[in-house]
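Reader: I am new to this structure. Please take a close look at one part for me, and then go on from there.

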Amino acid sequence: MKDHSPNSWEARADRHSFYGFTDLPTIADRGAVVLTGGTGPYIHDVHGRQYLDANSGLWNMVAGFDHPGLTEAAQNAYAKFPGYHAFFGRMAEETVALSEKLIEVSPFADGKVFYTNSGSEANDTMVKMLWLLGGAEGKPERRKIITRKNAYHGVTAVSASMTGKPYNSVFGLPLPEFLHLTCPHYWREGQEGETEAEFTQRLAKELEDLIAREGADTIAGFFAEPVMGAGGVIPPSEGYFQAIQPILKAHGIPLISDEVICGFGRTGEVWGCETYDFMPDAIISSKCLTAGFFPMGAVILGPELTARLQAASEAIEEFPHGFTASGHPVGSAIALKAIDVILNEGLLEQSRALTPSFEAGMAEIMARHDNIGEVRGKGLMGALEAVRDRATKTPFEGHLSVSERIANACTDQGLICRPLGQAIVLCPPFIMTDAHMAEMFEKLDAALTGVFLDVA
Ligand SMILES: *Cc1c(COP(=O)(O)O)cnc(C)c1O
(Lines give C-alpha, C1' and ligand atoms only; values in the text may rest on other atoms or scores of the structure.)
Protein backbone atom coordinates (compact mmCIF):
# COMPACT_ATOMS: atom_id res chain seq x y z
CA MET A 1 0.00 0.00 0.00
CA LYS A 2 2.88 2.34 0.79
CA ASP A 3 4.07 4.63 -1.98
CA HIS A 4 7.89 4.55 -1.67
CA SER A 5 8.71 7.34 -4.11
CA PRO A 6 10.63 10.19 -2.42
CA ASN A 7 7.96 12.78 -3.10
CA SER A 8 5.02 10.67 -2.00
CA TRP A 9 2.84 12.03 0.78
CA GLU A 10 4.06 9.15 2.95
CA ALA A 11 7.73 10.06 2.44
CA ARG A 12 7.03 13.78 2.96
CA ALA A 13 5.13 13.03 6.16
CA ASP A 14 8.11 11.05 7.43
CA ARG A 15 10.75 13.58 6.49
CA HIS A 16 9.81 16.59 8.59
CA SER A 17 6.94 15.58 10.88
CA PHE A 18 6.90 13.81 14.22
CA TYR A 19 4.05 11.41 14.89
CA GLY A 20 2.55 11.20 18.37
CA PHE A 21 1.92 7.77 19.94
CA THR A 22 2.79 6.00 16.69
CA ASP A 23 4.36 2.59 16.20
CA LEU A 24 7.31 3.54 13.95
CA PRO A 25 7.94 0.04 12.50
CA THR A 26 4.31 0.01 11.33
CA ILE A 27 4.73 3.40 9.69
CA ALA A 28 8.01 2.34 8.09
CA ASP A 29 6.14 -0.62 6.65
CA ARG A 30 2.77 0.88 5.79
CA GLY A 31 3.31 4.63 5.56
CA ALA A 32 1.28 7.37 7.20
CA VAL A 33 -2.34 7.95 6.23
CA VAL A 34 -2.29 11.55 4.98
CA LEU A 35 -5.72 13.14 5.07
CA THR A 36 -7.51 15.77 3.05
CA GLY A 37 -10.71 16.12 5.08
CA GLY A 38 -13.88 14.38 6.09
CA THR A 39 -17.58 13.97 5.42
CA GLY A 40 -19.96 12.96 8.20
CA PRO A 41 -18.24 10.12 10.11
CA TYR A 42 -15.76 9.44 7.25
CA ILE A 43 -12.25 10.76 6.65
CA HIS A 44 -10.58 10.91 3.21
CA ASP A 45 -6.92 10.37 2.35
CA VAL A 46 -4.76 11.87 -0.37
CA HIS A 47 -5.27 8.75 -2.52
CA GLY A 48 -9.03 9.23 -2.52
CA ARG A 49 -9.68 6.40 -0.07
CA GLN A 50 -12.43 6.80 2.49
CA TYR A 51 -12.41 5.46 6.06
CA LEU A 52 -15.23 5.23 8.57
CA ASP A 53 -13.69 6.69 11.72
CA ALA A 54 -14.97 4.55 14.59
CA ASN A 55 -12.90 6.65 17.00
CA SER A 56 -14.41 10.08 16.25
CA GLY A 57 -10.89 11.37 15.57
CA LEU A 58 -9.61 11.13 19.15
CA TRP A 59 -12.99 10.68 20.89
CA ASN A 60 -13.87 14.29 20.12
CA MET A 61 -15.41 14.74 16.65
CA VAL A 62 -18.81 13.59 17.85
CA ALA A 63 -20.67 15.76 15.32
CA GLY A 64 -18.64 14.38 12.43
CA PHE A 65 -16.07 16.10 10.23
CA ASP A 66 -18.18 18.65 8.35
CA HIS A 67 -21.03 19.71 10.63
CA PRO A 68 -22.50 22.76 8.87
CA GLY A 69 -23.67 24.51 12.07
CA LEU A 70 -20.24 24.26 13.67
CA THR A 71 -18.42 25.35 10.53
CA GLU A 72 -20.74 28.35 10.22
CA ALA A 73 -20.30 29.26 13.90
CA ALA A 74 -16.52 29.14 13.40
CA GLN A 75 -16.65 31.27 10.24
CA ASN A 76 -18.86 33.88 11.91
CA ALA A 77 -16.65 33.95 15.00
CA TYR A 78 -13.50 34.47 12.93
CA ALA A 79 -15.16 37.31 11.04
CA LYS A 80 -16.31 38.94 14.30
CA PHE A 81 -13.29 38.65 16.67
CA PRO A 82 -10.50 36.32 15.52
CA GLY A 83 -8.50 36.19 18.71
CA TYR A 84 -8.00 37.50 22.21
CA HIS A 85 -6.89 36.38 25.66
CA ALA A 86 -8.45 36.37 29.11
CA PHE A 87 -5.64 38.08 31.06
CA PHE A 88 -5.63 41.39 32.98
CA GLY A 89 -9.37 41.45 33.52
CA ARG A 90 -10.23 41.42 29.82
CA MET A 91 -12.36 38.74 28.24
CA ALA A 92 -14.42 38.23 25.08
CA GLU A 93 -18.19 38.29 25.45
CA GLU A 94 -18.39 34.78 23.96
CA THR A 95 -16.18 33.54 26.81
CA VAL A 96 -18.40 35.14 29.43
CA ALA A 97 -21.40 33.43 27.84
CA LEU A 98 -19.60 30.08 27.62
CA SER A 99 -18.76 30.11 31.33
CA GLU A 100 -22.40 30.82 32.16
CA LYS A 101 -23.44 27.95 29.90
CA LEU A 102 -20.90 25.52 31.38
CA ILE A 103 -22.02 26.22 34.93
CA GLU A 104 -25.65 25.89 33.81
CA VAL A 105 -25.10 22.45 32.27
CA SER A 106 -22.69 21.30 35.00
CA PRO A 107 -23.92 19.37 38.05
CA PHE A 108 -22.89 22.39 40.18
CA ALA A 109 -25.34 24.92 41.62
CA ASP A 110 -22.68 27.59 41.18
CA GLY A 111 -19.04 27.79 40.18
CA LYS A 112 -16.34 29.26 37.93
CA VAL A 113 -14.53 28.18 34.79
CA PHE A 114 -10.87 28.52 33.79
CA TYR A 115 -9.88 27.91 30.14
CA THR A 116 -6.90 26.12 28.63
CA ASN A 117 -6.00 24.83 25.16
CA SER A 118 -6.13 21.14 26.00
CA GLY A 119 -7.14 18.50 28.49
CA SER A 120 -3.54 18.08 29.69
CA GLU A 121 -3.29 21.76 30.48
CA ALA A 122 -6.64 21.67 32.24
CA ASN A 123 -5.39 18.88 34.55
CA ASP A 124 -2.13 20.80 35.08
CA THR A 125 -4.12 23.90 35.92
CA MET A 126 -6.28 22.01 38.42
CA VAL A 127 -3.19 20.61 40.16
CA LYS A 128 -1.66 24.10 40.39
CA MET A 129 -4.94 25.38 41.84
CA LEU A 130 -4.84 22.66 44.51
CA TRP A 131 -1.19 23.41 45.27
CA LEU A 132 -1.99 27.12 45.53
CA LEU A 133 -4.78 26.31 47.97
CA GLY A 134 -2.42 24.26 50.12
CA GLY A 135 -0.02 27.17 50.45
CA ALA A 136 -2.72 29.77 50.96
CA GLU A 137 -4.53 27.71 53.59
CA GLY A 138 -1.43 27.12 55.70
CA LYS A 139 -0.92 23.52 54.52
CA PRO A 140 2.05 23.76 52.13
CA GLU A 141 2.75 20.01 52.57
CA ARG A 142 -0.65 19.20 51.02
CA ARG A 143 0.71 18.41 47.53
CA LYS A 144 0.27 14.72 46.69
CA ILE A 145 -2.04 13.78 43.84
CA ILE A 146 -3.76 10.39 43.72
CA THR A 147 -4.81 8.77 40.44
CA ARG A 148 -5.16 5.15 39.28
CA LYS A 149 -2.92 2.87 37.22
CA ASN A 150 -3.97 2.91 33.56
CA ALA A 151 -5.55 6.34 33.99
CA TYR A 152 -4.93 8.80 31.19
CA HIS A 153 -4.81 12.46 32.19
CA GLY A 154 -2.53 13.88 29.50
CA VAL A 155 1.08 14.39 28.47
CA THR A 156 2.46 17.57 30.07
CA ALA A 157 4.96 16.86 32.86
CA VAL A 158 2.28 17.06 35.55
CA SER A 159 -0.59 15.40 33.70
CA ALA A 160 1.79 12.67 32.45
CA SER A 161 2.74 12.10 36.09
CA MET A 162 -0.97 11.62 36.80
CA THR A 163 -1.29 9.25 33.83
CA GLY A 164 -0.74 5.74 35.17
CA LYS A 165 1.07 4.27 32.18
CA PRO A 166 4.50 2.60 32.20
CA TYR A 167 5.57 4.41 28.99
CA ASN A 168 6.14 7.62 30.97
CA SER A 169 9.22 6.07 32.58
CA VAL A 170 11.17 6.98 29.40
CA PHE A 171 10.84 10.59 30.54
CA GLY A 172 11.83 9.82 34.15
CA LEU A 173 8.19 10.35 35.18
CA PRO A 174 6.10 10.35 37.30
CA LEU A 175 7.39 13.30 39.31
CA PRO A 176 7.50 12.76 43.07
CA GLU A 177 4.17 13.31 44.88
CA PHE A 178 2.07 11.44 42.29
CA LEU A 179 0.54 8.22 43.64
CA HIS A 180 -1.25 5.53 41.66
CA LEU A 181 -3.88 3.13 42.98
CA THR A 182 -5.15 -0.12 41.46
CA CYS A 183 -7.14 0.19 38.23
CA PRO A 184 -10.82 -0.62 38.96
CA HIS A 185 -10.98 -3.28 36.22
CA TYR A 186 -12.65 -6.29 37.82
CA TRP A 187 -12.14 -8.64 34.86
CA ARG A 188 -8.36 -8.12 34.89
CA GLU A 189 -7.61 -7.12 38.50
CA GLY A 190 -10.16 -9.18 40.44
CA GLN A 191 -8.64 -12.03 42.46
CA GLU A 192 -9.57 -15.70 42.34
CA GLY A 193 -12.95 -16.19 44.04
CA GLU A 194 -13.45 -12.46 44.69
CA THR A 195 -16.88 -11.01 43.83
CA GLU A 196 -17.09 -7.64 42.08
CA ALA A 197 -18.48 -6.06 45.28
CA GLU A 198 -15.56 -7.50 47.27
CA PHE A 199 -13.15 -6.20 44.64
CA THR A 200 -14.61 -2.69 45.00
CA GLN A 201 -14.30 -2.94 48.79
CA ARG A 202 -10.66 -4.00 48.43
CA LEU A 203 -9.95 -0.91 46.30
CA ALA A 204 -11.70 1.33 48.82
CA LYS A 205 -9.56 -0.22 51.57
CA GLU A 206 -6.46 0.39 49.45
CA LEU A 207 -7.38 4.08 49.25
CA GLU A 208 -7.98 4.25 52.98
CA ASP A 209 -4.64 2.58 53.69
CA LEU A 210 -2.84 4.94 51.32
CA ILE A 211 -4.35 7.98 53.04
CA ALA A 212 -3.39 6.59 56.45
CA ARG A 213 0.16 5.83 55.29
CA GLU A 214 0.81 9.15 53.52
CA GLY A 215 -1.22 11.33 55.89
CA ALA A 216 -4.41 13.06 54.74
CA ASP A 217 -2.69 16.41 55.29
CA THR A 218 -0.22 15.63 52.50
CA ILE A 219 -2.82 14.86 49.84
CA ALA A 220 -4.09 17.65 47.56
CA GLY A 221 -6.61 15.76 45.45
CA PHE A 222 -7.89 12.58 43.82
CA PHE A 223 -8.47 12.60 40.04
CA ALA A 224 -10.52 9.99 38.21
CA GLU A 225 -12.07 9.50 34.80
CA PRO A 226 -15.64 8.18 35.27
CA VAL A 227 -14.85 5.61 32.56
CA MET A 228 -11.12 5.28 31.88
CA GLY A 229 -10.67 6.08 28.21
CA ALA A 230 -7.14 5.74 26.88
CA GLY A 231 -6.48 3.08 29.53
CA GLY A 232 -8.64 0.82 27.35
CA VAL A 233 -12.25 1.87 28.05
CA ILE A 234 -12.58 0.64 31.61
CA PRO A 235 -15.85 1.37 33.40
CA PRO A 236 -15.51 1.46 37.19
CA SER A 237 -16.30 -1.70 39.11
CA GLU A 238 -19.75 -1.90 40.65
CA GLY A 239 -20.26 0.71 43.39
CA TYR A 240 -16.73 2.13 42.95
CA PHE A 241 -17.47 5.84 43.24
CA GLN A 242 -20.01 5.23 46.01
CA ALA A 243 -17.28 3.42 47.95
CA ILE A 244 -14.47 5.95 47.48
CA GLN A 245 -16.33 9.26 47.62
CA PRO A 246 -17.17 9.06 51.37
CA ILE A 247 -13.54 8.19 52.18
CA LEU A 248 -12.27 11.24 50.28
CA LYS A 249 -14.92 13.44 51.88
CA ALA A 250 -14.08 12.24 55.38
CA HIS A 251 -10.46 13.31 54.81
CA GLY A 252 -11.27 16.59 53.05
CA ILE A 253 -9.66 15.43 49.79
CA PRO A 254 -11.24 16.97 46.67
CA LEU A 255 -12.52 14.54 44.02
CA ILE A 256 -11.85 15.80 40.50
CA SER A 257 -13.75 14.16 37.66
CA ASP A 258 -11.63 14.12 34.50
CA GLU A 259 -14.47 14.29 31.99
CA VAL A 260 -12.29 15.07 28.97
CA ILE A 261 -13.76 12.00 27.22
CA CYS A 262 -16.94 11.35 29.21
CA GLY A 263 -18.20 14.95 29.21
CA PHE A 264 -20.94 15.94 26.75
CA GLY A 265 -22.68 12.68 26.21
CA ARG A 266 -20.19 9.86 25.61
CA THR A 267 -21.57 7.72 28.47
CA GLY A 268 -25.23 8.54 27.76
CA GLU A 269 -25.61 11.47 30.19
CA VAL A 270 -24.06 14.91 29.83
CA TRP A 271 -21.38 14.00 32.40
CA GLY A 272 -19.90 10.67 33.41
CA CYS A 273 -20.38 11.63 37.07
CA GLU A 274 -24.12 11.70 36.35
CA THR A 275 -23.97 8.26 34.74
CA TYR A 276 -22.18 6.92 37.82
CA ASP A 277 -24.07 9.08 40.30
CA PHE A 278 -21.33 10.91 42.17
CA MET A 279 -20.73 14.60 42.86
CA PRO A 280 -17.19 15.79 42.16
CA ASP A 281 -15.63 19.00 43.48
CA ALA A 282 -14.49 20.00 39.99
CA ILE A 283 -14.74 18.79 36.40
CA ILE A 284 -12.03 18.75 33.75
CA SER A 285 -13.43 19.15 30.23
CA SER A 286 -11.96 19.20 26.72
CA LYS A 287 -12.31 17.03 23.56
CA CYS A 288 -16.13 17.15 23.00
CA LEU A 289 -16.32 20.65 24.51
CA THR A 290 -15.86 22.01 20.97
CA ALA A 291 -16.79 18.74 19.22
CA GLY A 292 -13.13 18.78 18.14
CA PHE A 293 -13.54 21.96 16.06
CA PHE A 294 -11.12 24.00 18.23
CA PRO A 295 -8.44 23.12 20.78
CA MET A 296 -9.89 24.05 24.14
CA GLY A 297 -9.99 22.73 27.68
CA ALA A 298 -11.80 23.92 30.78
CA VAL A 299 -11.51 23.53 34.52
CA ILE A 300 -15.03 23.78 35.93
CA LEU A 301 -14.91 24.41 39.67
CA GLY A 302 -17.85 23.64 41.94
CA PRO A 303 -18.96 26.19 44.56
CA GLU A 304 -16.62 25.16 47.39
CA LEU A 305 -13.38 25.13 45.38
CA THR A 306 -14.49 28.37 43.67
CA ALA A 307 -14.85 30.14 47.02
CA ARG A 308 -11.55 28.78 48.34
CA LEU A 309 -9.62 29.66 45.18
CA GLN A 310 -11.20 33.10 45.08
CA ALA A 311 -10.08 33.74 48.67
CA ALA A 312 -6.58 32.41 48.00
CA SER A 313 -6.19 34.50 44.81
CA GLU A 314 -7.40 37.65 46.53
CA ALA A 315 -4.88 37.10 49.33
CA ILE A 316 -2.00 37.10 46.81
CA GLU A 317 -3.79 39.70 44.64
CA GLU A 318 -3.82 37.61 41.47
CA PHE A 319 -4.01 34.05 40.20
CA PRO A 320 -0.62 33.81 38.45
CA HIS A 321 -1.57 31.38 35.70
CA GLY A 322 -3.05 31.45 32.20
CA PHE A 323 -2.33 30.59 28.58
CA THR A 324 -2.09 33.12 25.74
CA ALA A 325 -5.11 31.60 24.05
CA SER A 326 -7.13 30.84 27.24
CA GLY A 327 -10.76 31.76 26.63
CA HIS A 328 -10.21 32.36 22.90
CA PRO A 329 -13.32 34.08 21.44
CA VAL A 330 -13.50 31.75 18.43
CA GLY A 331 -13.09 28.67 20.60
CA SER A 332 -15.72 29.97 22.99
CA ALA A 333 -18.18 30.61 20.16
CA ILE A 334 -17.55 27.13 18.76
CA ALA A 335 -17.96 25.54 22.20
CA LEU A 336 -21.27 27.37 22.71
CA LYS A 337 -22.47 26.01 19.38
CA ALA A 338 -21.12 22.49 20.08
CA ILE A 339 -22.95 22.38 23.41
CA ASP A 340 -26.10 23.55 21.65
CA VAL A 341 -25.72 20.91 18.93
CA ILE A 342 -25.16 18.13 21.46
CA LEU A 343 -27.77 19.11 24.05
CA ASN A 344 -30.47 20.93 22.06
CA GLU A 345 -30.19 19.76 18.46
CA GLY A 346 -30.63 16.08 19.22
CA LEU A 347 -27.08 14.73 19.15
CA LEU A 348 -27.22 13.38 22.72
CA GLU A 349 -30.55 11.67 21.94
CA GLN A 350 -29.04 10.22 18.78
CA SER A 351 -26.11 8.79 20.75
CA ARG A 352 -28.54 7.22 23.22
CA ALA A 353 -30.61 5.79 20.39
CA LEU A 354 -27.48 4.22 18.85
CA THR A 355 -26.27 2.63 22.08
CA PRO A 356 -28.40 -0.56 21.97
CA SER A 357 -27.20 -1.46 18.46
CA PHE A 358 -23.63 -0.57 19.50
CA GLU A 359 -23.82 -2.91 22.50
CA ALA A 360 -25.53 -5.63 20.46
CA GLY A 361 -22.86 -5.35 17.74
CA MET A 362 -20.05 -5.77 20.26
CA ALA A 363 -21.79 -8.72 21.92
CA GLU A 364 -22.22 -10.36 18.52
CA ILE A 365 -18.51 -9.91 17.75
CA MET A 366 -17.69 -11.62 21.04
CA ALA A 367 -20.09 -14.46 20.26
CA ARG A 368 -18.46 -14.97 16.85
CA HIS A 369 -14.82 -14.80 17.99
CA ASP A 370 -13.45 -17.02 20.78
CA ASN A 371 -10.36 -14.80 20.86
CA ILE A 372 -12.34 -11.90 22.27
CA GLY A 373 -12.10 -12.32 26.04
CA GLU A 374 -14.11 -9.36 27.24
CA VAL A 375 -16.41 -6.72 25.81
CA ARG A 376 -16.82 -3.66 27.99
CA GLY A 377 -17.93 -0.07 27.82
CA LYS A 378 -20.64 2.45 28.54
CA GLY A 379 -22.81 4.47 26.18
CA LEU A 380 -20.95 4.98 22.90
CA MET A 381 -17.51 3.94 24.14
CA GLY A 382 -16.47 0.32 24.04
CA ALA A 383 -13.51 -2.03 23.90
CA LEU A 384 -13.01 -5.60 22.75
CA GLU A 385 -10.15 -7.37 24.51
CA ALA A 386 -8.25 -9.91 22.40
CA VAL A 387 -7.02 -13.02 24.24
CA ARG A 388 -5.23 -16.24 23.36
CA ASP A 389 -7.61 -18.09 25.68
CA ARG A 390 -10.92 -16.73 26.92
CA ALA A 391 -11.35 -19.06 29.90
CA THR A 392 -7.93 -18.34 31.41
CA LYS A 393 -7.83 -14.70 30.12
CA THR A 394 -4.36 -15.45 28.73
CA PRO A 395 -3.26 -12.61 26.46
CA PHE A 396 -1.62 -13.09 23.07
CA GLU A 397 2.17 -13.06 23.09
CA GLY A 398 3.32 -9.43 22.99
CA HIS A 399 5.53 -9.89 19.93
CA LEU A 400 2.47 -10.77 17.85
CA SER A 401 1.18 -7.18 18.23
CA VAL A 402 -2.34 -8.52 17.81
CA SER A 403 -4.26 -5.31 18.40
CA GLU A 404 -2.01 -3.34 16.01
CA ARG A 405 -2.58 -6.03 13.38
CA ILE A 406 -6.33 -5.80 13.90
CA ALA A 407 -6.25 -2.01 13.62
CA ASN A 408 -4.14 -2.25 10.44
CA ALA A 409 -6.47 -4.86 8.96
CA CYS A 410 -9.38 -2.50 9.75
CA THR A 411 -7.59 0.37 8.02
CA ASP A 412 -7.20 -1.86 4.95
CA GLN A 413 -10.97 -2.40 5.07
CA GLY A 414 -11.63 1.34 5.29
CA LEU A 415 -12.29 1.46 9.02
CA ILE A 416 -10.34 3.44 11.62
CA CYS A 417 -10.21 1.94 15.08
CA ARG A 418 -7.56 2.09 17.74
CA PRO A 419 -5.43 -0.56 19.41
CA LEU A 420 -4.91 -0.07 23.15
CA GLY A 421 -2.89 -2.75 24.86
CA GLN A 422 -4.51 -5.88 23.47
CA ALA A 423 -7.88 -4.22 23.09
CA ILE A 424 -9.58 -2.53 20.18
CA VAL A 425 -11.36 0.66 21.07
CA LEU A 426 -14.57 1.89 19.45
CA CYS A 427 -15.98 5.34 20.20
CA PRO A 428 -18.07 6.29 17.18
CA PRO A 429 -19.34 9.80 16.49
CA PHE A 430 -22.88 10.48 17.69
CA ILE A 431 -24.00 11.32 14.13
CA MET A 432 -23.64 7.73 12.97
CA THR A 433 -26.68 6.00 11.49
CA ASP A 434 -27.62 2.34 11.88
CA ALA A 435 -26.12 1.78 8.43
CA HIS A 436 -22.77 3.23 9.58
CA MET A 437 -22.96 1.04 12.67
CA ALA A 438 -23.54 -2.04 10.52
CA GLU A 439 -20.63 -1.08 8.24
CA MET A 440 -18.37 -0.64 11.29
CA PHE A 441 -19.09 -4.10 12.72
CA GLU A 442 -18.97 -5.81 9.31
CA LYS A 443 -15.48 -4.42 8.64
CA LEU A 444 -14.28 -5.14 12.16
CA ASP A 445 -15.59 -8.70 11.91
CA ALA A 446 -13.70 -9.29 8.66
CA ALA A 447 -10.49 -7.84 10.13
CA LEU A 448 -10.77 -10.00 13.26
CA THR A 449 -11.41 -13.15 11.24
CA GLY A 450 -8.26 -12.57 9.18
CA VAL A 451 -5.97 -11.70 12.09
CA PHE A 452 -7.16 -14.45 14.46
CA LEU A 453 -6.66 -16.98 11.66
CA ASP A 454 -3.11 -15.67 11.23
CA VAL A 455 -2.11 -15.85 14.90
CA ALA A 456 -3.96 -19.05 15.83
C1 LIG B 1 -7.30 13.17 26.02
C2 LIG B 1 -7.37 13.23 27.48
C3 LIG B 1 -6.65 14.18 28.22
C4 LIG B 1 -5.63 15.08 27.57
O5 LIG B 1 -6.20 15.97 26.67
P6 LIG B 1 -5.26 16.65 25.56
O7 LIG B 1 -6.18 17.65 24.93
O8 LIG B 1 -4.82 15.58 24.64
O9 LIG B 1 -4.14 17.29 26.28
C10 LIG B 1 -6.85 14.26 29.58
N11 LIG B 1 -7.72 13.43 30.21
C12 LIG B 1 -8.42 12.51 29.54
C13 LIG B 1 -9.39 11.65 30.28
C14 LIG B 1 -8.26 12.37 28.15
O15 LIG B 1 -8.92 11.43 27.50
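In which helix does E208 lie?

Author: E208 lies in helix α9, residues 196-214. Helices here are DSSP runs of H or I with at least four residues, strands are runs of E with at least two, and both are numbered from the N terminus. The model is predicted, local features need pLDDT of at least 70, side-chain atom pairs count only at pLDDT 80 or more, and totals for chains, interfaces and linings use all residues. Residues are numbered from 1 along each chain as its sequence is written, and side-chain values use heavy atoms, with hydrogens and water left out.

E208 is partly exposed, because its relative accessible area is 39%. The scale is simple: buried means under 20%, exposed means over 50%, and partly exposed lies in between, with a 1.4 Å probe and protein chains only. Now look along the chain. Y19 is 189 residues away from E208, and their C-alpha atoms are 41 Å apart.

Next comes F241. Its helix is α10, residues 240-250. F241 counts as buried because its relative accessibility is 1%. What does F241 touch, beyond its neighbours within four places in sequence? The contacts are A224, E225, P226, P236, P246, Y276 and F278. Contact means heavy atoms within 4.5 Å. H44 is another matter. Its C-alpha atom is 41 Å from that of F241, and 197 residues separate the two along the chain.

F241 also leads to the aromatic pairs. The whole structure holds 11 of them. Rings of Phe, Tyr and Trp (its six-membered ring) pair if their centres lie within 6.5 Å; planes under 30 degrees apart are stacked, over 60 edge-to-face, and the rest tilted. The F241 and F278 ring centres are 4.0 Å apart and the planes meet at 10 degrees, so this pair is stacked. It joins distant parts of the chain, 37 residues apart: F241 sits in α10, while F278 sits in the loop between α11 (272-275) and β9 (282-285). F278 is buried because its relative accessible area is 6%. Another pair, F264 and W271, is tilted, at 4.9 Å between centres and 55 degrees between planes. Both partners are inside. F264 is buried because its relative accessibility is 1%. W271 is buried because its value is 0%. Y240 comes in too: ring pairs tie Y240, F241 and F278 into a cluster.

Some rings carry a charge over the face. R12 lies over W9, at 4.4 Å from the ring centre. R143 lies over W131, at 4.1 Å. The test asks for NZ of Lys or CZ of Arg within 6 Å of the ring centre and within 35 degrees of the ring normal.

Two more helices have a residue to visit. S313 is in α12, residues 303-316. S313 is buried because its relative accessible area is 13%. Past its neighbours within four places in sequence, S313 contacts L132, E318 and F319. T355 is in α14, residues 347-368. T355 is buried because its relative accessibility is 12%. Leaving out residues up to four places away, T355 touches G379 and L380.

Then there is α15. This helix covers residues 402-413, 12 in number, and spans 17 Å from first C-alpha to last. That is close to the expected 16 Å; the expected span is 1.5 Å times one less than the number of residues. Its buried residues are V402, S403, I406, A407, A409, C410 and T411. Just after α15, G414 takes a positive phi of about 85 degrees.

Now step back to the domains. Domain 1 is 33-66 + 347-455, and domain 2 is 70-344. These bounds come from an automatic or database domain assignment. The domain centres, taken over C-alpha atoms, are 27 Å apart. The contact takes 33 residues from domain 1 and 32 from domain 2. About 2600 Å² is buried between the domains, and carbon and sulfur atoms give 64% of that area. Buried area is the accessible area (1.4 Å probe) that two parts lose on being put together, summed over both. W59, M381 and K393 supply 24% of what domain 1 buries against domain 2, more than any other three residues.
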